[in-house]
6 protein chains.
Amino acid sequence: MLLHLSTWPEVEAYLQQSRGIILPIGSTEQHGPIGLIGTDAICAEAIARGVGEATQGMVGPTINVGMALHHTAFPGTISLRPSTLIQVIRDYLTCLAKAGFSKFYFINGHGGNIATLKAAFSETYAHLEDLQISNAEQVQCQLANWFMCSSVYKLAQELYGDEEGSHATPSEVAITQYVYPQAIKQASLSPKVPSGHRIYSATDFRNHYPDGRMGSNPGLAKPEHGKQFYDLAVKELSNGYLEFLNPE
Amino acid sequence: MLLHLSTWPEVEAYLQQSRGIILPIGSTEQHGPIGLIGTDAICAEAIARGVGEATQGMVGPTINVGMALHHTAFPGTISLRPSTLIQVIRDYLTCLAKAGFSKFYFINGHGGNIATLKAAFSETYAHLEDLQISNAEQVQCQLANWFMCSSVYKLAQELYGDEEGSHATPSEVAITQYVYPQAIKQASLSPKVPSGHRIYSATDFRNHYPDGRMGSNPGLAKPEHGKQFYDLAVKELSNGYLEFLNPE
Amino acid sequence: MLLHLSTWPEVEAYLQQSRGIILPIGSTEQHGPIGLIGTDAICAEAIARGVGEATQGMVGPTINVGMALHHTAFPGTISLRPSTLIQVIRDYLTCLAKAGFSKFYFINGHGGNIATLKAAFSETYAHLEDLQISNAEQVQCQLANWFMCSSVYKLAQELYGDEEGSHATPSEVAITQYVYPQAIKQASLSPKVPSGHRIYSATDFRNHYPDGRMGSNPGLAKPEHGKQFYDLAVKELSNGYLEFLNPE
Amino acid sequence: MLLHLSTWPEVEAYLQQSRGIILPIGSTEQHGPIGLIGTDAICAEAIARGVGEATQGMVGPTINVGMALHHTAFPGTISLRPSTLIQVIRDYLTCLAKAGFSKFYFINGHGGNIATLKAAFSETYAHLEDLQISNAEQVQCQLANWFMCSSVYKLAQELYGDEEGSHATPSEVAITQYVYPQAIKQASLSPKVPSGHRIYSATDFRNHYPDGRMGSNPGLAKPEHGKQFYDLAVKELSNGYLEFLNPE
Amino acid sequence: MLLHLSTWPEVEAYLQQSRGIILPIGSTEQHGPIGLIGTDAICAEAIARGVGEATQGMVGPTINVGMALHHTAFPGTISLRPSTLIQVIRDYLTCLAKAGFSKFYFINGHGGNIATLKAAFSETYAHLEDLQISNAEQVQCQLANWFMCSSVYKLAQELYGDEEGSHATPSEVAITQYVYPQAIKQASLSPKVPSGHRIYSATDFRNHYPDGRMGSNPGLAKPEHGKQFYDLAVKELSNGYLEFLNPE
Amino acid sequence: MLLHLSTWPEVEAYLQQSRGIILPIGSTEQHGPIGLIGTDAICAEAIARGVGEATQGMVGPTINVGMALHHTAFPGTISLRPSTLIQVIRDYLTCLAKAGFSKFYFINGHGGNIATLKAAFSETYAHLEDLQISNAEQVQCQLANWFMCSSVYKLAQELYGDEEGSHATPSEVAITQYVYPQAIKQASLSPKVPSGHRIYSATDFRNHYPDGRMGSNPGLAKPEHGKQFYDLAVKELSNGYLEFLNPE
């Protein structure tokens, strides 16, 4: 059930049966020479919708732009500052919690969002208690990073080994190929790709990762891999969502 | 050209020919008994992509959640506070302006966004000048509300007369029916629908507009109307975008 | 009744009969070669006081500085950022609403304030509901731009036609001449004055409007015109205020 | 020279001779049973204009609303939060410093503003250095509290002794009577007036100072005293301003 | 009783007998050629602990970094902006007030903190009332600057006369020598040390006070003086704290 | 070398040889029935000073209060909101980076700080690039959590097995016993201690962890264990700091 394709009376009815909502969050950032700028949002949205179908869960609007300040030296990247993203999350959850939602399951497609999201959850719990919203104590956020699913990780190792890398990875590129076969890109990729340098400023990032890849070979990606990753992630996160709603 | 389906080298190449980008912005808010919660985002996104195709313009990620505080007494609505939305816009435009974009064309689907967007543009111009970004003086934002296109307005009058209303209108519902025929909703709509009360707090809004409609009869909407509205809006806003890029 | 010339027991007594307050807001910004920097505040204050007298309404302190970032390339201009002005309005209204005021009628002298004021009203309604102030639901803000009164517009067309322009207009200059005859300025005005360029950054504004006027010929202004404009605006806005207090 | 009655070319000319500006700041707050709510703004504005005349200094728009949170349990009080007032001052000074002003002389009518103003000055100096404005190093703010002038203090002791008190004082009321003789108020004042309790929350303040006075007997005020206080303050602060502009 | 060396059940027990807490606040800033960068925090912490012992008062964690923007042109200085420090104080006091503390006694070692702390207290009182915390009305903050104790001032005059100065003073250096005898520094100090220039921007400060001292001769400091100052400050502020807890 | 026991000329000299600084950060929060409220700050500070001695690194002032909102239902806890802590870190690093520091090594004693610190680093990198500080590109932050050192983890497993738990752990309590033997606490600890519940709001936390422990048995802690943990952490983090300064 997609929130944006529902009416408010349908949401009201949904809330009679469930307090949960799935919120996809991605990023709009460079993903190397052949990865799409929307990769993280595309993956998170697709998987979240799959999870929603599998679990009858409500899926909220995709947060397309996240925390990607370190990628901003590449054109096309858009990032919120962490302090902005915290306010955005606070606003989203305050609206939804007032309406009766209390279980927020974030399906996240971007490692760079993790820290700020966790900070935002803390800020929001305290804010809701300060507002004395009736269900403030029940509000729970859980962060589910599809790329950290054990089944996904295992398959990526099998398919790509070390060439999976850590940004603009073949696994995420494969999912975008599966979702948008019309947008599969080609480019010659230099076989030597840097890795292991930590992330600091945007300028420093581009100096160390000149084509935007971090240790990855996205040229290995195939749409049919994408379907496999998608299926694994949907299955694992659907279980995760159901356990979140109904612990043990 | 869709930013999220592009790579950063493609964006770099695009910037050699154009400094413009089209940014769809909608809202996630109640649209009465049969209007979709995502109506404003759906319309803005569809039309923006149409404009992008017609003009070879780059289309950025859709801002799905806008300023809809007055709708928050209905479940399913999500709103940013104006002060948050100003920071969001500032962050988007700062990233894009640093990369070389300078012409920002916002295709907007929600009247409630207008004031905050204009405030955000002012805040951003000053911020970019303070940052001493090289192209700060060239940065220009334009707000294009598809529902205020004269061709759209004329057709809505012809088709619906006074029953167009001002929120959850048949014209916008028709576009969502055209875009998402699988999500056409049915419900019996009371023929008497309030109108004319100004917008204040969320509670006051729901007291005066108990089913969420403002003077509208969305039951008149048809997908084929939606196509007509879509075509008109794309045409008129495509011209608008090209004039914005190349005044007279 | 002027708030600043009242005592708190007088305010307490006033609140027994009325929940309304008139708040003048202007700007401190360049108004071309002969327009006063305080033009917008002077006009708003004078008209607001006239309305207060005509309606027995309380008139609050004039907000002298508004949102005029686009004029800041001219010396003497002072502007708040929109995000600051939103906080200012929120603070004003929170204090006044806690005291029992609930009908806020802003008499505005500056087009550049409109967007930010509307954003601020939305932010404030939600804030007051979050604070759970007893009268939060009753709080209503209305924006009354004197220069958009139909009677004013009609007279300006009669007197000045196209030379009214859109900034540093003869109509607003005339009111300042009426209010401050000792401060009537003279300067030779070039007959060619640019118009039609949209407003973006401060630098861009000054590049396009080098003497600060936007299509106007303030040299046509006369103090006796000012009295006419003043009388029309007071009359029309007095009616507006009374209707706001007592709808239908 | 009053900024609001000047044109921008006049400001430009002024800046050729002086970098100084006088900024009156008051408050909008209860001043006991017969003191005007605008007392602090009225006094600051009148004295600032007197100083401007005596010194040929430019006088900016009066900041009518300051930091008066502790008075907000009395109706009619309007206060900014300190964090808001800091942003307001930052915005004012940033605009003026960019235009070339560098000597900011605040004539203040309210003790409650002092701390926040000083904090705001510190915040602003650092902000201007961060902006790399050319004259950032030269920017200087000075806070001149008229009620702390030694000549004023001496006269208040002579005229009122202990009955001067510390809020809603006869000296400030006298100035408002001199400036606005039409707004002299009468009320029976209880001879016992509390004093000595420190200032904490608004509720606590009203509990301890039920009619708003702090140890004062404003019934002693006379318009002719007001003229004396006014003359003394203008003289002493004119000297202060000139010394500030040209340190020995 | 030191908060950081207590357990939460001990705090719970303490709150049965007292609502007071002592909060030391210093600064991390240059103190001239031989003064320690931590001088203000060291003095405030040592004295606060002495007061805690003398009065059985709870002593909170030392706020090591305060408002020292004007010292930031010297390496080693760390400062919060006033707007940040206000939020920090608000957060501290909100947590402690919710737990039941209501009497906050700040022992302060740095003149530059005074204005911002007072602003923060005002902001916090209003915030706590807005939160409707049960003890909001009882919350009281008092600022106790050890260096403004009359006994301290008298001794400094006796020992150092005019050479006490106003920053990097021998009295504060003496206390640090008493507390940290292992960190007594030596350097040749120029006998001529500037004084009397007001504090503006960081660059301006360093221009006028090139070695960081303001009219002081810290070479006169001795550890045994430090013990005297410490004893006097502890005694005077212990009385101050007890009076604060139990007014007359 | 401790910053607070240094003079600014010593810092200036230090910067000739090193751009690194070690910043201890802890928390002020409940640590169960026998754990000290200052546990996280005590451990971080002690270890940071050990690392400073071992590496000749400069050690900055301890950040005593971090992000502990989830512990605020226990008295004695003080927490910053994440949005406040981000500003604090931004202010610290901006001051230090302007002075020439560029390698910031945070020795952290509290898991709850991790997310907000990482968010703050991102915010700060971008802020410094916006300020155009000369060394902005070189600025690097590294987060070193002593409790995640592999040597520490191994010893904790050996000594305590599952009774290490995840909050109020015997390992951290042991370090505080080693550092403050005078503050070793005793209390009867229920053998059954909950674990495994995720962290949400403060109220929820206390409901699930009624005495504050998360799966731990701090009764196993001994000061001599504390020395072992301290030695291991200092050794491992000293290596970490040196590698951070001089990669490979």
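Q: How many bridges join strand E1 (residues 20-25) of chain E to strand E3 (residues 103-108) of chain E?
A: Keep in mind that this is a predicted model. Strands of a sheet pair through backbone hydrogen bonds, either parallel or antiparallel. Here E1(E) and E3(E) run parallel, and the number of bridges joining them is six.

Q: Which residue in E3(E) is the bridge partner of Ile21(E)?
A: Let's start at Gly20(E), whose bridge partner in E3(E) is Lys103(E). Now move on to Ile21(E). Its bridge partner in E3(E) is Phe104(E).

Q: What stands opposite Ile22(E) in E2(E)?
A: E1(E) also pairs with E2(E), in the parallel sense and over two bridges. Look across from Ile22(E) into E2(E), and you'll find Val59(E).

Q: Which are the edge strands of the sheet in chain E?
A: The sheet is open, with four strands in the order E2-E1-E3-E4 and parallel pairing. An edge strand pairs on one side only, and that fits strand E2 (58-59) and strand E4 (140-145) of chain E.

Q: How many of the six residues of E1(E) are buried?
A: In a regular strand the side chains alternate between the two faces of the sheet. On one side of E1(E) sit Gly20(E), Ile22(E) and Pro24(E), on the other Ile21(E), Leu23(E) and Ile25(E), and both faces are covered. The strand is largely enclosed by the rest of the structure, because the number of its residues that are buried is six.

Q: At about what angle to E3(E) does helix H3 (residues 82-99) of chain E run?
A: Two helices are worth a look here. Helix H2 (residues 39-55) of chain E lies across E1, E2 and E3, running at about 160 degrees to E1(E). Helix H3 of chain E lies across E1, E3 and E4, and its angle to E3(E) is about 145 degrees.

Q: In chain A, which strands have one side left without a neighbour in the sheet?
A: Chain A has an open sheet of four strands with parallel pairing, in the order E2-E1-E3-E4. The strands at the edges each have a single partner strand, so one side of each has no neighbour: these are strand E2 (58-59) and strand E4 (140-145) of chain A.

Q: What is the bridge partner of Asn108(A) in E4(A)?
A: Strand E3 (residues 103-108) of chain A pairs with E4(A) in the parallel sense, over six bridges. Take Asn108(A) and cross to E4(A): the partner is Asn145(A).

Q: Which helix of chain A runs at about 175 degrees to E4(A)?
A: Helix H2 (residues 39-55) of chain A lies across strand E1 (20-25), E2 and E3, at about 160 degrees to E1(A). The helix we want lies across E1, E3 and E4 of chain A, and that's helix H4 (residues 114-131).

Q: How many residues does the largest nonpolar core have?
A: Residues with the most contacts inside this core are Phe106(A), Phe106(C), Phe106(D), Phe106(E) and Phe106(F). Phe106(A), for one, touches residues including Leu23(A), Ile25(A), Leu93(A) and Phe121(A). A second, separate core of five residues includes Leu36(B), Ile42(B), Tyr180(B) and Ala183(B). The largest core, though, has 432 residues.

Q: Which helices of chain D do the buried residues of H6(D) pack against?
A: Helix H6 (residues 170-179) of chain D has eight of its ten residues buried, so it is largely enclosed by the rest of the structure. Among the buried ones are Pro170(D), Val173(D) and Ile175(D). The buried residues pack against helix H2 (39-55), helix H5 (150-160) and helix H8 (223-245) of chain D.

Q: How many disulfides are there over all chains?
A: A disulfide is a covalent bond between the sulfur atoms of two cysteines. Cys43(C) is buried, with 0% relative accessible area, and its nearest cysteine sulfur, in Cys149(C), is 12 Å away. Cys43(F) has its closest cysteine sulfur in Cys149(F), at 12 Å, too far for a bond. Over all chains, the count is zero.

Q: Which residue of chain B comes closest to the rotation axis?
A: A rotation of 180 degrees with 0.0 Å of shift along its axis superposes chain B on chain A. The two copies are thus related as by a two-fold rotation axis. The C-alpha that comes closest to the axis, at 3.5 Å, belongs to Thr84(B).

Terms used. Residues numbered from 1 in each chain as written. Chains lettered and ligands numbered in written order. Predicted model: local features only at pLDDT ≥ 70, side-chain atom pairs only at ≥ 80, totals over all residues. Heavy atoms only, no water. Least-squares fit on C-alpha atoms with pLDDT ≥ 70 in both. Disulfide = S-S within 2.5 Å. Buried < 20%, exposed > 50% of the residue type's maximum accessible area, 1.4 Å probe, protein only. Contact = heavy atoms within 4.5 Å. Pairing = 2+ DSSP bridges. Axes fitted to C-alpha atoms, helices over the stretch in contact; angles between N-to-C directions. Core = buried A, V, L, I, M, F, W, Y, C linked by side-chain atoms within 4.5 Å. Lists of a residue's contacts leave out its neighbours within four places in sequence.
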